[in-house]
Amino acid sequence: MGEISADDPRLSRIRSTGLLLGPSRQWHNAVEVNANDWRWWAEVVDQVEQRVAAGYDGVFFDTVDALCHRSEAIQRFEATLKQLDRDHRSTRWFINDGTCLRTASWDRVDAVISESRFGGFDWQSNEFAIVHNEINRGAEIRRLQGLQARRPSLRVYVVDYIPSAPRTLRHRACERSAEAGFEIYFGPISLSRIDPLQCRLLR
């Protein structure tokens, strides 16, 4: 939501609008966009409309966390989500992270798919690693748990794939996520890098 991939076919067109701000501070090979500008959200709505028209019954909004340091951008996203939910009541909405959203906005979200709460990506080594200091993530964990308690239908999935860590540390990351009440998600990438049975046995 806060950036566009450098290899996205829309990049040249969006660059011509003046919406690009420069290299993303969060993701390699991505360009940050001016998410304070309503033209960007018109682009988002257009992309969603195309997918709903094509028959998709759910939409995933990625990198919502990229907006968390920009209050105006978060407000734009929340307004856009409200509009889309009003226009497509049967469509399910999935977001990446987004713990900074106001509580009311979560009433429109069906599931959050987040990176591990206990693992993180190290851009210098270009690999995932166990987060030894979990204090900074404690508030995010409590926020997600609070949202689940308020709305039991909200599903929280975490992606625990940490290929560079020893098996015991990978197991611990899954274990901590399960203890927090989150569900373990395995996608094509993570399945190739961690034994899913490791986490499944914990539930």
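## Around helix H3

The buried residues of H3 are covered by, among others, helix H2 (38–53), strand E4 (58–61), strand E5 (92–95) and helix H4 (103–106). Here contact means heavy atoms within 4.5 Å, buried means under 20% relative accessible area with a 1.4 Å probe, protein chains only (exposed is over 50%, partly exposed in between), and helices (H or I, at least four residues) and strands (E, at least two) are DSSP runs numbered from the N terminus. This is a predicted model, where local features need pLDDT of at least 70 and side-chain atom pairs count only at pLDDT 80 or more, while totals for chains, interfaces and linings use all residues. Residues are numbered from 1 along each chain as its sequence is written, and side-chain values use heavy atoms, leaving out hydrogens and water.

H3 itself covers residues 71–87, 17 in total, and stretches 25 Å from first C-alpha to last. That's close to the 24 Å expected at 1.5 Å a residue, the expected span being 1.5 Å times one less than the number of residues. Its buried residues are Ala73, Ile74, Arg76, Phe77, Glu78, Thr80, Leu81, Leu84 and Asp85.

## The β-α-β unit

Together, E4, H3 and E5 build a right-handed β-α-β unit: with the strands pointing away from the viewer, the path from the first strand over the helix to the second runs clockwise. E4 and E5 run parallel and are joined by four bridges (strands pair if DSSP finds at least two bridges between them). Gly58 sits opposite Arg92 in E5.

E4's side chains alternate: Val59 and Phe61 are buried on one face, while Gly58 and Phe60 point to the other and are not buried.

## The nonpolar core

Phe61 turns up again in the largest nonpolar core, where Phe61, Phe77, Ile95 and Trp106 have the most contacts among 39 residues. Such a core is a set of buried Ala, Val, Leu, Ile, Met, Phe, Trp, Tyr and Cys residues joined through side-chain atoms within 4.5 Å. H2 gives the largest share, six residues.

As for Trp106, setting aside neighbours within four places in sequence, its contacts include Ile95, Val112, Leu144, Leu147 and Leu154, as well as Asp97 and Arg143.

## The antiparallel sheet

Elsewhere, three strands make an open antiparallel sheet in the order E1-E3-E2. E1 (3–5) and E2 (20–23) are the edge strands, each pairing on one side only. E2 is joined to E3 (residues 30–33) by three bridges, with Leu20 opposite Val33 in E3.
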